[in-house]
Amino acid sequence: MNFKGKTVFITGASRGIGKAIGLRLAREGANIVIAAKTAEPHPKLEGTIFTAATEMEQAGGKALPVVVDVRDEASVKAAVAKAVETFGGIDICVNNASAIQLTGTLMTQMKRFDLMHQVNTRGTFMVSQACIPHLRKAENPHVLNLSPPLTMDTKWFAPHVAYTMAKYGMSMCVLGMAGEFKGKIAFNALWPRTTIATAAVGNMPGGDQLVKKSRKPEIMADAAYHIFSKDYRECTGNFFIDDDVLAAEGITGLDHYAVEPGAELAPDFFL
């Protein structure tokens, strides 16, 4: 697929995996809509929607930074409208924005439960809903949710049931919408084999050591690129794992994705 001039709407694209996907497609000449909350520099987190936009334009694409809170319906609708007004449509939607707290039932405050469900499940549903009318006009429309395979096994729920429910909600959007829009829009999920070196991982207990056992966000970006290159009618309803996608393309040398090449890699949650 030629991505030149294609418009990609990415939530949470100011840093991490969302930003990496944006940069990967910007290098192909795509228009990247950076839909995220960080407009002002954060004391603990790197980057804003504006610094990300600069990087994407330097990479060869066009960028539209928009302040978006995926919990706010008016904010989402305004961002989608601005994207369509600026670039003429939407070809790809990436639901990357996510909230995480790995706590058990008694340690999970309801405000954190609400945040995870509002951002992960509800936000993914709402952003998809807002983009679908425009995606249906696209040549090769894709929606990609950064969410895990659906496996109803106690071990994935017991340690952090609230978080698992919220992430599985994103995956259930894939399961349902892939069927609902079959032949019209592709809906797929993508999840990493290993932990990915992002702020979310770095801020966990022992995060510094975990980052050293992680892969870089670029492996997810390259996997997303190959998914979006496929025909939407033939590639939908899948729960992809990043290195499986690359292996299917004949790419097996993955050492350059490691933060520390040769280090033992930490498996990600849900795998």
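**Exercises on strand β4, Arg 215 and the pockets**

Val 94 in β4 is the bridge partner of Ile 10. The model is predicted, with local features needing pLDDT of at least 70, side-chain atom pairs counting only at pLDDT 80 or more, and totals for chains, interfaces and linings using all residues. Residues are numbered from 1 along each chain as its sequence is written, and side-chain values use heavy atoms, with hydrogens and water left out.

**Exercise 1.** State in which sense β4 pairs with β1 and with β5, and over how many bridges.

*Solution.*
Step 1. Helices (H or I, at least four residues) and strands (E, at least two) are DSSP runs, numbered from the N terminus. Two strands pair if DSSP finds at least two bridges between them.
Step 2. Strand β1 (residues 7-11) pairs with β4 in the parallel sense over three bridges.
Step 3. β4 also pairs with strand β5 (residues 142-145), in the parallel sense over four bridges. There, His 142 in β5 is the bridge partner of Ile 92.

**Exercise 2.** Decide for each face of β4 whether its residues are buried or exposed.

*Solution.*
Step 1. Buried means under 20% relative accessible area, exposed over 50%, and partly exposed in between (1.4 Å probe, protein chains only).
Step 2. In a regular strand the side chains alternate between the two faces of the sheet.
Step 3. On one side of β4 (residues 92-95) lie Ile 92 and Val 94, and on the other Cys 93 and Asn 95; all are buried, and both faces are covered.

**Exercise 3.** Explain why Arg 215 counts as buried, and list some of its contacts.

*Solution.*
Step 1. Arg 215 is found in the loop between α8 (207-212) and α9 (218-228).
Step 2. Arg 215 counts as buried because its relative accessibility is 8%.
Step 3. Contact means heavy atoms within 4.5 Å. Leaving aside neighbours within four places in sequence, the contacts of Arg 215 include Arg 193, Asp 243, Tyr 257 and Leu 265.

**Exercise 4.** Describe the lining of the second largest pocket by residue and by class.

*Solution.*
Step 1. On a 1 Å grid over the protein atoms alone, a pocket is an open set of points where a 1.4 Å probe fits, with protein on both sides within 12 Å along at least five of seven lines; lining residues have an atom within 4 Å of a point.
Step 2. The second largest pocket has a volume (the space filled by probe spheres set on the points) of about 320 Å³.
Step 3. Its lining has 18 residues, and the closest to the centre are Arg 15, Gly 16, Lys 19, Glu 46 and Ala 197.
Step 4. Ala, Val, Leu, Ile, Met, Phe, Trp, Tyr, Cys and Pro count as nonpolar, Asp, Glu, Lys and Arg as charged, and the others, Gly among them, as polar. The lining of this pocket has six nonpolar, six polar and six charged residues.
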